[in-house]
Amino acid sequence: MFYFDTIVGRKVVKSDLLKSDEIEHFFTTREFCLFSKTEDMSENVKLLENYLGKELCYNQPVHGTYIEKVVSNKKFYKETDGLLIEEGGAAFMNFGDCVPLLFYCNKIAIISHAGWRGMAQNIAKKSVKRFIDDYRFNPKDIKVVIGPAICKNCYNVGEDVYKTLYNTVEKHESLFEYKNGKFFVDLKGINKQQLIESGVEQVDVCPYCTACGEKLFYSYRYENQTGYRHSAVVKL
């Protein structure tokens, strides 16, 4: 279940699935922006780094599936949509309407950026596979938090995208809808189904939409392609 907390006096969202002394995690809201294409947010990043006591790594997403391991003395990871973090590491990743995926198991974490293109290439399943291949973890032991993203009612797509995503999962109930001549897809739900089909049993899905509701987060689609982003943050 998701709940609100405050970091340096700013509202953030957390999941009780990852309540542990081994990991600090949260999703920033509009109150605590770490990235903007039009404004310098370095002071906010420094403020957060001081709070965490750790320098934060970050990436340049390209809607792919490449997952890079975070290493010492390297802060920026170009053209990657996943960051693998081992004990002692810290990172953040930025999102507009795409789905943040935060994986955790036995002092290892992965943050993945799952837009529809990454989902079409099964980034959720590939993130799980990385845990299996690199650390021999059982998928049943992996905990996954699906962060704030655009909801199905707000995300209509073309028929080509609809069919592409439809083919990434075996079960489709309630994930896809055609109404009033438009195609709608549940991005968070599709990611959850991909995870279930990968053997993951522990998944918490954020109920908040980036486009509608309380306007807690930024929406690229519904805010005139805003340059502001909310972020997923993790420290081990």
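**Exercise 1. Find which residues form a nonpolar patch on the surface, and place Tyr51.**

Start with the patch: Val8, Leu47 and Tyr51 make it up, sharing about 220 Å² of accessible area. A patch takes residues with over 30% relative accessible area and no salt bridge, joining nonpolar side chains (Val, Leu, Ile, Met, Phe, Trp, Tyr) within 5 Å and like charges within 9 Å. A salt bridge is a Lys or Arg side-chain nitrogen within 4 Å of an Asp or Glu carboxyl oxygen. Areas are Shrake-Rupley values with a 1.4 Å probe, and for residues only the protein chains shown count as cover.

Before going on: this is a predicted model, where local features need pLDDT of at least 70, side-chain atom pairs count only at pLDDT 80 or more, and totals for chains, interfaces and linings use all residues. Numbering runs from 1 along each chain as its sequence is written, and side-chain values use heavy atoms, leaving out hydrogens and water.

Next, Tyr51 sits in helix α1 (residues 42–52); helices are DSSP runs (H or I, at least four residues), numbered from the N terminus. Tyr51 is partly exposed because its relative accessibility is 39% (buried is under 20%, exposed over 50%, partly exposed in between; 1.4 Å probe, protein chains only).

**Exercise 2. Is Tyr162 buried or exposed, and what does Tyr162 touch?**

First, look in helix α4 (residues 159–166), where Tyr162 lies. With 14% relative accessible area, Tyr162 is buried.

Then check contacts (heavy atoms within 4.5 Å). Leaving aside residues up to four places away in sequence, Tyr162 touches Val157, Phe176, Glu177, Phe183, Phe184 and Val185.

Finally, try a distance: the C-alpha atoms of Tyr162 and Gly189 are 14 Å apart, with these positions 27 residues apart along the chain.

Note on methods:
Helices (H or I, at least four residues) and strands (E, at least two) are DSSP runs, numbered from the N terminus.
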